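Please look at the sequence and the three-dimensional structure below before reading on. The report that follows goes from a single element to the whole chain.

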Amino acid sequence: MTTRKTIIDALVKHNNIDRSVATRAVEGVIDALANSFRNGQSVQIRGFATFRVKRVAEKVGRNIAAGTPVIIPSHTTVKIILSNELKNSLK
């Protein structure tokens, strides 16, 4: 699994920069993405993916343990659509 730490380590290793600079860069990107999502904005990173904020309607689910229906409230989520370049590189 890739974590923030492994991303920071890769930046430090491959770009020969200080860990504090790499940490601020990663945290800055994550903050910018989160702020965009909170504001309902989609984010496109060319060659990687498009992140679309999507509203999911209320629906009925099932409590597996009890077998009873449960109402799942409407909520906002982020849908990730991979770029064609990334999809093709995964084949």
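How many residues does helix H1 have, and what does it reach from its first C-alpha to its last? In this predicted model, helix H1 covers residues 4-15 and has 12 residues, reaching 16 Å between those two C-alpha atoms, which is close to the 16 Å expected at 1.5 Å a residue. Helix H1 is followed by Asn16, a residue whose phi is positive, near 50 degrees.

Turning to the chain, its secondary structure comes to 3 helices and 5 strands, and, read from the N terminus on, these elements run α-α-β-β-β-β-β-α.

The overall form can be described with two values. The radius of gyration of the chain is 18 Å, whereas a compact globule of 91 residues would have one near 12 Å, and the C-alpha trace spans about 55 × 30 × 30 Å along its principal axes.

The table gathers some values for the chain.

| Property of the chain | Value |
|---|---|
| Share of the 91 residues that count as buried | 12% |
| Exposed area | about 7300 Å² |
| Share of the exposed area from carbon and sulfur atoms | 56% |

Among contacts with a separation of 6 or more, 29% are accounted for by residues 24 or more positions apart.

Where charge is concerned, the chain has 15 positive and 6 negative charges, and the mean positions of these two groups are 9 Å apart.

Conventions
Residues numbered from 1 in each chain as written. Predicted model: local features only at pLDDT ≥ 70, side-chain atom pairs only at ≥ 80, totals over all residues. Heavy atoms only, no water. Helix = DSSP H or I, 4+ residues; strand = E, 2+ residues; numbered from the N terminus. Expected span 1.5 Å × (residues − 1). Rg over C-alpha atoms; globule rule 2.2 N^0.38 Å. Buried < 20%, exposed > 50% of the residue type's maximum accessible area, 1.4 Å probe, protein only. Contact = heavy atoms within 4.5 Å. Areas by Shrake-Rupley, 256 points an atom, 1.4 Å probe, with all protein chains shown as cover. Lys, Arg positive; Asp, Glu negative; His and termini not counted. Charge placed at Lys NZ, Arg CZ, Asp CG, Glu CD.
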